[in-house]
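Biologist: Could you take a close look at one part of this protein for me, the place where its nonpolar residues come together? I'd like to hear who sits there and who touches whom.

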Amino acid sequence: MATLRERLKAAETQLAFLAGGATGAAVSRVGAIPAARGAARLAVGTPQGRAVLAGISYSVLRDELNARDQAAAEERFGPRAGLVEPLRALQPLPLPIAQATIAGMDAGAKVRKKVQSKFNKAVSAGMKQVKASTSNGKKGSIKDAKKAFSTVVKTVSKIKKGGKVAKKGLLRKIGLAAKKVLK
């Protein structure tokens with residue numbers, strides 16, 4: 001679907017064509033009176049042609065559409081919708097959202113933040129334990145991240161399924177951290 005600006009631009013182009021863009025060639029071939037009759041028939045037969053004959057120009061069409069939008073906004077959102085134009089000049093927003101914002105209404109769908117699963121929280125806690133230990137590089141860094149992540153995921157999965165926590169070492173720390181989150 002074309003935007004308002006694209007539709008108005010197309011209407012302006014058609015108006016310019018109907019207003020005289022093609023009459024020069026037609027007049028030289030068939031004469032002035034038949035060319036005028038043909039142009040009048042063409043102009044009356046299309047909405048753009050009727051607009052030319054009525055004297056409506058691009059700016060008048062645009063102003064009329066803006067006035068209709070404003071009237072619809074005032075009908076829907078009340079008299080405060082009239083504040084839209086000064087604000088649109090500062091920061092253009094799609095018209096319904098701008099009017100709803102000024103009217104104090106919530107417009108558009110609220111996007112809910114995706115909730116992290118318990119398993120992912122447990123994996124995060126396990127990775128924190130890996131980062132805090134010295135068994136996989138120095139403290140605060142991980143030497144082989146892929147291997148460490150694989151170990152953490154396997155351990156958390158085992159704990160989630162009801163498996164036992166390791167007796168000692170890093171796997172125990174990961175398992176205990178995961179158990180805290182998964183309980």
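Modeller: One term before we start: when I say two residues are in contact, I mean they have heavy atoms within 4.5 Å. Also bear in mind that this is a predicted model.

Quick background on the whole chain. It has 10 helices and zero strands, so to speak an α-α-α-α-α-α-α-α-α-α pattern when you read along the sequence. Of the 183 residues, 21% are buried. If you take the contacts with a separation of 6 or more, 47% of them are between residues 24 or more positions apart. The chain exposes about 13400 Å², with carbon and sulfur atoms supplying 59% of that.

Now to your spot. The largest nonpolar core has nine residues: Ala-122, Val-123, Met-127, Val-130, Ala-148, Val-152, Val-156, Ile-174 and Ala-178. Three helices each give two or more residues to this core, namely helix 8 (118–132), helix 9 (145–160) and helix 10 (170–182). Helix 8 has the largest share, with four residues.

Val-152 is a handy place to stand and look around. Setting aside neighbours within four places in sequence, Val-152 is in contact with Val-123, Gly-126, Met-127, Val-130 and Ile-174.

Next, look at how helix 8 and helix 10 pair up. They pack at an angle of about 145 degrees, and their axes are 8 Å apart. Their crossing is right-handed. On the helix 8 side, the residues that meet helix 10 are Lys-118, Phe-119, Lys-121, Ala-122, Ala-125, Gly-126, Gln-129 and Val-130. Facing them from helix 10 are Leu-170, Lys-173, Ile-174, Ala-177, Ala-178, Val-181 and Leu-182. Sort the residues of this contact by type and you get 10 nonpolar, two polar and three charged. Ala-122, Val-130, Ile-174 and Ala-178 are worth picking out, as they take part in this helix contact and also belong to the core.

Last stop is Thr-155, which lies in helix 9. Thr-155 counts as buried because its relative accessible area is 10%, and the cut-off for buried is under 20%. Leaving out neighbours within four places in sequence, Thr-155 is in contact with Leu-171, Ile-174 and Gly-175. Ile-174 is a name to remember here: Thr-155 touches it, Val-152 touches it too, and it is one of the core residues.

Notes:
Residues are numbered from 1 along each chain as its sequence is written. This is a predicted model: local features need pLDDT of at least 70, side-chain atom pairs count only at pLDDT 80 or more; totals for chains, interfaces and linings use all residues. Side-chain values use heavy atoms; hydrogens and water are left out. A nonpolar core is a set of buried Ala, Val, Leu, Ile, Met, Phe, Trp, Tyr and Cys residues joined through side-chain atoms within 4.5 Å. Buried means under 20% relative accessible area, exposed over 50%, partly exposed in between (1.4 Å probe, protein chains only). Axes are lines fitted to C-alpha atoms, for helices over the stretch in contact, and angles run from 0 to 180 degrees between N-to-C directions. A crossing is left-handed if the near helix is turned anticlockwise from the far one by less than a right angle, and right-handed if clockwise. Ala, Val, Leu, Ile, Met, Phe, Trp, Tyr, Cys and Pro count as nonpolar, Asp, Glu, Lys and Arg as charged, and the others, Gly among them, as polar. Accessible areas come from the Shrake-Rupley method with a 1.4 Å probe; for residues, only the protein chains shown count as cover.
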